[in-house]
Amino acid sequence: MGHSIGKWDGDTLVVDTAGFNEKTWLDRDGHQHSDQLHVVERFLRVDRDNLQVDITMEDPKALVKPWITQLHFQLKPEWDIMELACTDNAAFEDFEK
């Protein structure tokens with residue numbers, strides 16, 4: 001999928017990924033990218049229970065301008081996380097039913 005290098009920038013983990021092949025998508029809607037895709041993710045723990053991820057995607061062959069987005073995650077210690085195994089998309093197909 002790509003080659004990632006992570007480093008700390010203060011209290012933020014910065015993950016820089018390049019070297020993608022063209023077998024993956026940018027998102028669940030199937031937007032395609034090229035082998036020129038470059039992704040930078042910045043993970044910041046805002047406080048004890050909240051994580052913020054800033055993502056910048058650049059691809060001169062597939063995108064007119066950088067695609068910038070931000071995700072937020074909240075710690076839910078009472079949640080049980082179940083395993084989901086994908087084998088030739090079988091798990092995803094079952095999930096859609």
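User: Let's begin with threonine 12: in which strand does threonine 12 lie?
Analyst: This is a predicted model, so everything here is read from computed coordinates. In the secondary structure, threonine 12 lies in strand β2.

User: Is threonine 12 buried or exposed?
Analyst: The relative accessible area of threonine 12 is 8%. A residue counts as buried under 20%. Since 8% falls under that cut-off, threonine 12 is buried.

User: Leaving aside neighbours within four places in sequence, which residues is threonine 12 in contact with?
Analyst: Happily, this list is a short one to follow on the structure. Once the neighbours within four places in sequence are set aside, the contacts of threonine 12 are Lys7, Arg42, Phe43 and Leu44.

User: Phe43 is on that list, so where is phenylalanine 43 placed, and how accessible is it?
Analyst: Phenylalanine 43 has its place in strand β3. Its contacts beyond four places in sequence include Thr12, together with Asp11, Leu13, Val15, Leu51, Gln52 and Val53. As for accessibility, phenylalanine 43 counts as partly exposed, at 26%.

User: How far apart in space are the C-alpha atoms of phenylalanine 43 and aspartate 54?
Analyst: Along the chain, these two residues are eleven residues apart. In space, the separation between the C-alpha atoms of phenylalanine 43 and aspartate 54 is 6.8 Å.

User: And what is the C-alpha to C-alpha distance between leucine 71 and phenylalanine 43?
Analyst: Leucine 71 sits in strand β5, which covers residues 67–74, and it counts as partly exposed at 35% relative accessibility. In sequence, leucine 71 and phenylalanine 43 are 28 residues apart. From C-alpha to C-alpha, their distance is 9.6 Å.

User: Which residues does valine 53 touch, not counting those up to four places away in sequence?
Analyst: Valine 53 is a good one to look up, as both Phe43 and Leu71 are among the residues it touches. The full list for valine 53 is Glu41, Arg42, Phe43, Thr69, Gln70, Leu71 and Phe73.

User: Which residues make up the largest nonpolar core?
Analyst: In soluble globular proteins, nonpolar side chains tend to be buried together. Here the largest nonpolar core has seven residues in all, and β4 gives the most to it, with three. The members of this core are Phe20, Leu26, Leu37, Val39, Val53, Ile55 and Met57.

User: What is the volume of the second largest pocket, and which lining residues are closest to its centre?
Analyst: The space in the second largest pocket is about 220 Å³. Its lining has 13 residues, and by class these are eight nonpolar, four polar and one charged. Strands β3 and β4 each supply at least two of the lining residues. Closest to the centre are Met1, Phe20, Trp25, Leu37 and Val39.

User: Is serine 34 buried or exposed?
Analyst: Serine 34 has its place in the loop between β2 and β3. Not counting residues up to four places away in sequence, it touches Phe20, Glu22, Asp59, Lys61 and Ala62. With a relative accessible area of 5%, serine 34 is buried.

User: Stepping back, what pattern does the chain follow along the sequence?
Analyst: The chain's secondary structure comes to one helix and five strands. Read along the sequence, the pattern is β-β-β-β-β-α.

User: Finally, what percentage of the residues of the chain count as buried?
Analyst: The chain has 97 residues, and its accessible surface comes to about 8,200 Å². Carbon and sulfur atoms hold 54% of that surface. The share of residues that count as buried is 18%.

Methods:
Residues numbered from 1 in each chain as written. Predicted model: local features only at pLDDT ≥ 70, side-chain atom pairs only at ≥ 80, totals over all residues. Heavy atoms only, no water. 1 Å grid on protein atoms, 1.4 Å probe; cavity = no way out; pocket = protein on both sides within 12 Å on 5 of 7 lines; lining within 4 Å. Points joined across faces, edges and corners; volume = space filled by probe spheres on them. Helix = DSSP H or I, 4+ residues; strand = E, 2+ residues; numbered from the N terminus. Nonpolar A, V, L, I, M, F, W, Y, C, P; charged D, E, K, R; others polar. Buried < 20%, exposed > 50% of the residue type's maximum accessible area, 1.4 Å probe, protein only. Contact = heavy atoms within 4.5 Å. Areas by Shrake-Rupley, 256 points an atom, 1.4 Å probe, with all protein chains shown as cover. Core = buried A, V, L, I, M, F, W, Y, C linked by side-chain atoms within 4.5 Å.
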